[in-house]
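Please look over the sequence and the model below before reading on. The report that follows is meant for someone meeting this structure without earlier acquaintance.

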Amino acid sequence: MAKQVLTNVNVTFGTANTDISSYVASIALNLSAAEVATTAFGTANAVTRIQGLRDHSVTLSMHQDYPTIEKLFYDVFQNGTAVPMTIKPNGTAAAGSTQPSYSFNVISTGYSPISGAVGDLATFDITLPVDGAITKTGTGA
């Protein structure tokens, strides 16, 4: 089984599809769904379940840049509406057999533009809930 080191993740964000990759220190796309119990009589003393509503999110650790990144994330927070985001783990190449692409809309429900101590790199962490479904293309999607 091939192993991979993340070195070239491509991330676009916002209505202008701004490439923010060079500001992203780490990223996690979290896929989750509610667990809905379906247990009834005759289930052999065991809980049965189905998947309910999905509730995804993406978490970013960012290097702050006030003229570029702060303005982008602040404006998205102030606007209060969903914006597009795309993540490609293997750079900017088109989605294909070695390149998945995840596209979705996110909404900003919180933002901390200033975080750190004296002498620290200006950074911030943000978790953005996904608004709707995630579309995956490439790698046998």
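The text below takes up the sheet, the core, a few single residues and the salt bridges in turn.

## The open sheet

The model is a predicted one, and a convenient place to begin is its open sheet, in which 5 strands follow one another in the order β2-β1-β7-β8-β10 with antiparallel pairing. The edges are taken by β2 (18–19) and β10 (135–137), each of which has a single partner strand, so one side of each is left without a neighbour in the sheet.

Strand β1 pairs with β2 in the antiparallel sense over 2 bridges, and T12 has D19 as its bridge partner in β2. These two strands form a hairpin with 4 residues between them, and in the turn G14 has a positive phi of about 95°. Strand β1 also pairs with β7, again in the antiparallel sense, over 4 bridges; F13 has M85 as its bridge partner there, while N10 is partnered by K88. Both faces of β1 are covered, since N10 and T12 on one side are buried, as are V11 and F13 on the other.

## The nonpolar core

The largest nonpolar core has 22 residues, and those with the most contacts inside it are F13, I20, M62, F73 and V106. At least two residues of this core come from each of β1 (10–13), β6 (57–63), α1 (66–79), β7, β8 (101–106) and β9 (123–129). The element that gives the most to this core is α1, with 4 residues.

M62 can be followed outward from here: leaving out residues up to four places away in sequence, M62 touches I20, Y23, V24, I69, F73, A122, T123, F124 and D125.

Another residue to follow is V58, which is placed in strand β6 and counts as buried at 0% relative accessibility. Apart from residues within four places in sequence, V58 is in contact with I27, A28, L29, N30, M85, I87, F104, V106, I126, T127 and L128. A40, by comparison, is 18 residues from V58 in sequence and 35 Å from V58 in space, C-alpha to C-alpha.

## Two buried polar residues

What does the side chain of K88 reach, given that K88 is buried yet has no salt bridge? K88 belongs to strand β7 (residues 83–88), and the nearest side chain of opposite charge, that of D19, is 9.5 Å away; since a salt bridge needs the nitrogen and the carboxyl oxygen to be within 4 Å, this pair does not count as one. The side chain of K88 instead reaches the backbone oxygen of A93 at 3.5 Å. Beyond four places in sequence, K88 touches N8, V9, N10, A93, A94, Q99, P100 and S101.

Q64 offers a second case, found in the loop between β6 and α1. Its relative accessible area is 12%, and Q64 is therefore buried, the limit for that term being under 20%. The side chain of Q64 reaches the backbone oxygen of P113 at 2.8 Å. The contacts of Q64, again without its neighbours within four places in sequence, are I69, E70, Y111, P113, A122, T123 and F124.

## Strand β5 and the salt bridges

Strand β5 (residues 49–54) has 6 residues, of which the number buried is 0, so this strand lies largely in the open. Strand β4 (residues 33–37) pairs with β5 in the antiparallel sense over 4 bridges, with A37 standing opposite R49 in β5.

The number of salt bridges comes to 2. In one of them, E35 is joined to R49, with the closest N and O atoms 2.6 Å apart; this pair links distant parts of the chain, with E35 in strand β4 and R49 in strand β5, 14 residues apart. K71 and D75 also meet through their side chains in a salt bridge, at 2.6 Å from N to O, and both lie in helix α1, 4 residues apart, which is about one turn of the helix. The table gives the accessibility of the residues involved.

| Residue | Relative accessible area | State |
|---|---|---|
| E35 | 58% | exposed |
| R49 | 49% | partly exposed |
| K71 | 46% | partly exposed |
| D75 | 36% | partly exposed |

Technical notes: Residues are numbered from 1 along each chain as its sequence is written. This is a predicted model: local features need pLDDT of at least 70, side-chain atom pairs count only at pLDDT 80 or more; totals for chains, interfaces and linings use all residues. Side-chain values use heavy atoms; hydrogens and water are left out. Buried means under 20% relative accessible area, exposed over 50%, partly exposed in between (1.4 Å probe, protein chains only). Lys and Arg count as positive and Asp and Glu as negative; His and the chain ends are not counted. A polar contact is a pair of N or O atoms within 3.5 Å; within protein, one must be able to donate a hydrogen and the other to accept it, and residues adjacent in sequence count only if both atoms are side-chain atoms. Contact means heavy atoms within 4.5 Å. A nonpolar core is a set of buried Ala, Val, Leu, Ile, Met, Phe, Trp, Tyr and Cys residues joined through side-chain atoms within 4.5 Å. Two strands pair if DSSP finds at least two bridges between them.
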